[in-house]
There are 2 protein chains.
Amino acid sequence: MKETAHPAPDRPQITATHRELLDQVLDKWSLHVLDELCERSLRFNELRRAIPVVTQKSLTATLRRLERNGMVERLIVNTRPIAVEYRITPLGKTLQDLIDALLEWSTANMPRVERARARFDAEEG
Amino acid sequence: MKETAHPAPDRPQITATHRELLDQVLDKWSLHVLDELCERSLRFNELRRAIPVVTQKSLTATLRRLERNGMVERLIVNTRPIAVEYRITPLGKTLQDLIDALLEWSTANMPRVERARARFDAEEG
DNA sequence: CGGTATCCTTCTCGATACTG
DNA sequence: CAGTATCGAGAAGGATACCG
């Protein structure tokens with residue numbers, strides 16, 4: 001009976017810093033890219049094929065941002081022609097459980113959300 | 001030794017539907033609003049004061065979206081003048097643990113992220 | 001292969017003014 | 001109090017072309 005007694009005793013406040021980090025790391029493409037890279041390291045064009053809806057530009061931007069935040073590593077392999085492999089870092093790995101939880105939540109609650117949307121849209125006319 | 005054996009056996013794929021839902025529900029303002037409403041129900045201007053950086057327009061849009069997706073309820077109290085109370089729904093409540101987990105992750109890993117950024121920015125010149 | 005650079009359209013978002 | 005309406009700046013994002 002610990003959850004009804006008080007609202008939220010030690011809940012951390014959302015700051016601009018929090019928001020900014022979560023925005024950079026959990027935006028639509030980042031989520032997708034991290035999800036793929038958690039499974040296995042991939043090359044640039046492999047990622048493109050794994051996420052067919054992303055454009056080259058957006059994928060590049062996403063990877064650079066994730067690299068800057070320490071979530072993925074960029075490894076240049078000196079073959080002919082050049083190959084670039086993207087690999088999740090230990091820090092990036094710490095997001096895996098969260099991403100899985102988000103996907104599970106989404107899967108589990110999608111029907112309820114869709115019913116809510118239908119109800120809302122019906123009332124609007 | 002179950003986590004090194006195979007990459008990801010039953011990992012759910014991210015679909016456009018997943019992404020869209022998470023985008024609508026975990027964007028910057030939604031996260032903030034849900035976080036506040038998980039603690040207690042609030043009126044419109046109370047929310048504005050609780051989240052001082054949000055504009056009225058964005059707050060309205062965020063609340064409508066959350067309402068449409070079944071995350072919050074909008075209760076019109078017929079006082080003089082009118083009062084509108086926003087309350088989290090049971091469906092919205094299912095996000096609380098996730099949001100807490102996101103905030104905890106963000107708090108815990110912020111230092112590592114900042115070091116990664118500093119390293120990245122230094123290398124760029 | 002793994003990108004950059006450029007253009008251009010779309011959408012977001014803040015500021016401001018007004019309303020029941 | 002709790003919004004809506006409108007405008008305009010700026011960012012996001014796609015299409016396309018080109019490069020080492």
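Let's start where the two protein chains meet. Of the interface residues of chain B, 100% are also interface residues in chain A, so the copies meet through the same surface. Keep in mind that this is a predicted model.

Now the symmetry. Rotate chain B by 180°, with 0.0 Å of shift along the axis, and it superposes on chain A with an RMSD of 0.0 Å. That is the relation of a two-fold axis.

How many residues take part in the contact between the chains? There are 52 from chain B, touching 52 from chain A. Together the chains bury about 5,100 Å² between them. Carbon and sulfur atoms give 64% of that area. Look at three residues in chain B: B:Arg11, B:Arg68 and B:Trp105. These lose the most area to chain A, together 16% of what that side buries.

Next, the polar side of this interface. The count of salt bridges between chain B and chain A is four. One of them joins the side chains of A:Arg68 and B:Asp121, at 2.8 Å from N to O. The interface also has 10 residue pairs in polar contact, both partners at pLDDT 80 or more.

Which elements of chain B build its side of the interface? Five helices each give two or more residues. They are H1 (16-25), H2 (28-39), H4 (56-68), H5 (90-93) and H6 (96-124). H6(B) gives the largest share, 18 residues. By class, that side of chain B has 24 nonpolar, 12 polar and 16 charged residues.

On to the DNA. Take strand D first. It is surrounded by 17 residues. The closest are A:Lys57, B:Arg43, B:Gln56, B:Arg74 and B:Tyr86. Among the strand D atoms within 4 Å of the protein, 64% belong to sugar or phosphate, and the rest to bases.

Here are some individual contacts to phosphate oxygens of strand D. From the side chain of B:Arg74, an N or O atom sits 2.5 Å from one. A:Ser58 places a polar side-chain atom 2.9 Å from one. B:Asn45 uses its backbone, with an N or O atom at 3.1 Å. Which elements give two or more residues to this surface? From chain A, helix H4 (56-68). From chain B, helix H3 (44-50), H4 and strand S3 (83-88). The largest share is four residues, from H4(B). The surface near strand D divides into six nonpolar, five polar and six charged residues.

Now strand C. Here, too, 17 residues lie around the DNA. Nearest are A:Gln56, A:Arg74, A:Tyr86, B:Lys57 and B:Ser58. Of the strand C atoms within 4 Å of the protein, 67% are sugar or phosphate, and the rest belong to bases.

What does A:Gln56 approach on strand C? A base nitrogen, 2.3 Å from a polar atom of its side chain. Two other residues reach phosphate oxygens. The side chain of A:Tyr86 has an N or O atom 2.6 Å from one. For the side chain of A:Arg64, the distance is 3.0 Å.

The elements again. H3 (44-50), H4 and strand S3 (83-88) of chain A, together with H4 of chain B, each supply at least two residues near strand C. H4(A) gives the most, with four residues. By class, this surface has six nonpolar, five polar and six charged residues.

One point to take away: the copies meet through the same surface.

Note on methods. Residues are numbered from 1 along each chain as its sequence is written. Chains are lettered from A and ligands numbered from 1 in the order in which they are written. This is a predicted model: local features need pLDDT of at least 70, side-chain atom pairs count only at pLDDT 80 or more; totals for chains, interfaces and linings use all residues. Side-chain values use heavy atoms; hydrogens and water are left out. Contact means heavy atoms within 4.5 Å. Buried area is the accessible area (1.4 Å probe) that two parts lose on being put together, summed over both. A polar contact is a pair of N or O atoms within 3.5 Å; within protein, one must be able to donate a hydrogen and the other to accept it, and residues adjacent in sequence count only if both atoms are side-chain atoms. Ala, Val, Leu, Ile, Met, Phe, Trp, Tyr, Cys and Pro count as nonpolar, Asp, Glu, Lys and Arg as charged, and the others, Gly among them, as polar. Copies are superposed by least squares on the C-alpha atoms of residues with pLDDT of at least 70 in both. A residue is near a molecule or strand if one of its heavy atoms lies within 4 Å of it.
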